[in-house]
Amino acid sequence: MIAERLRVPGDLLLVGSVRGLESESPRVLAELARFAPEAIGVGLSADETRGLREYFVTSEAEPVVPLTSNETGEIRGLVRFGPVRVPNPTFVDLLGWADAQALAVAPLDPSEDETAHLFAENIGYVELVRRTVRERSVGRKPPQPSSPDEYALAWDHQVAGGRGSRAFARSRDTHLVRASRRLAEGRGRVAVVLDRERFELVRALLTGAEPEALEVG
């Protein structure tokens, strides 16, 4: 997990959590409790947020979650660092915690249709083929770094390191940053929680380190 308090303007806590690792969830919740936000934004779409709340937060019985081959490969390498849960326990536990605190949680990612459009707009056929090959390769032989944070970054770099994939990530994160700014308007403290590999780019976009990227998408 990584966290940083930003003045963007306003007071915003940006948190990046390693996807799937159980030990990340209590660390994220402790960070949020210390910060005491007035609202929380999450790196999920509205449909994803609704699905997690309906099937995993308020439901009495959790459904079986089928995994893609890419997810199976990612988990295979991540279990070296501790128990792994699907869907991402950080978001599931965060939603339950926020409900108990009567805190608003806002999905910041584009809708599924918008994400599909951004994907098609940025990732052409050649990049799609290369990305599929990379996913299969890294799934068979996951990276072996020394920490969960390094693992999340290495996995993302190997799978989504192509030019089109980076352009897609930039467009998606630009949408998240704009939504984060809207969420922060009129509030004193706001937290934004997302997957670890998105942290650096989102921080750069929020702080204006890459202002030209805000024009993408």
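In this predicted model, a useful place to enter is G41, which lies in strand 3. With a relative accessibility of 0%, G41 falls under the 20% limit and therefore counts as buried. Leaving out residues up to four places away in sequence, G41 touches A106, L108, L183, A191, V192 and V193. The C-alpha atoms of G41 and R203 are 14 Å apart in space, while 162 residues separate the two in sequence.

Several of these contacts lead to strand 5, so named in the pairing of the strands, where four bridges join strand 3 to strand 5 in a parallel arrangement; within this pairing, V42 has V193 as its bridge partner in strand 5. Strand 2 also pairs with strand 5 in the parallel sense, here over seven bridges, and L194 of strand 5 is the bridge partner of G16. Strand 5 itself is mostly covered, with six of its seven residues buried.

From the strands one can turn to the packing of side chains. In soluble globular proteins, nonpolar side chains tend to be buried together. The largest nonpolar core of this model has 22 residues, and L32, I40, L94 and V193 are those with the most contacts inside it. Two or more residues of this core come from each of strand 2 (11-17), helix 1 (24-35), strand 3 (39-42), helix 2 (46-57), helix 4 (89-101) and strand 5 (189-195), and helix 4 gives the largest share, six residues. V193, setting aside residues up to four places away in sequence, touches V15, V28, L32, I40, G41, V42, G43, T90, F91 and L94. Another core, of 19 residues, lies apart from this one and includes L6, V192, L194 and F199.

A further site to consider is D109, which lies in the loop between strand 4 (104-107) and helix 5 (112-122). Because its relative accessibility is 12%, D109 counts as buried. Its side chain is joined to that of R198 by a polar contact of 2.8 Å. Apart from neighbours within four places in sequence, D109 is in contact with V42, G43, L44, S45, R172, H175, L176 and R198.

Finally, the geometry of helix 8 (residues 163-184) can be checked against expectation: at 1.5 Å a residue its 22 residues should span 32 Å, and the end C-alpha atoms are 31 Å apart, which agrees. Just after helix 8, G186 takes a positive phi of about 80 degrees.

Note on methods
Residues are numbered from 1 along each chain as its sequence is written. This is a predicted model: local features need pLDDT of at least 70, side-chain atom pairs count only at pLDDT 80 or more; totals for chains, interfaces and linings use all residues. Side-chain values use heavy atoms; hydrogens and water are left out. A nonpolar core is a set of buried Ala, Val, Leu, Ile, Met, Phe, Trp, Tyr and Cys residues joined through side-chain atoms within 4.5 Å. Buried means under 20% relative accessible area, exposed over 50%, partly exposed in between (1.4 Å probe, protein chains only). Contact means heavy atoms within 4.5 Å. The expected span of a helix is 1.5 Å times one less than its number of residues. A polar contact is a pair of N or O atoms within 3.5 Å; within protein, one must be able to donate a hydrogen and the other to accept it, and residues adjacent in sequence count only if both atoms are side-chain atoms. Two strands pair if DSSP finds at least two bridges between them.
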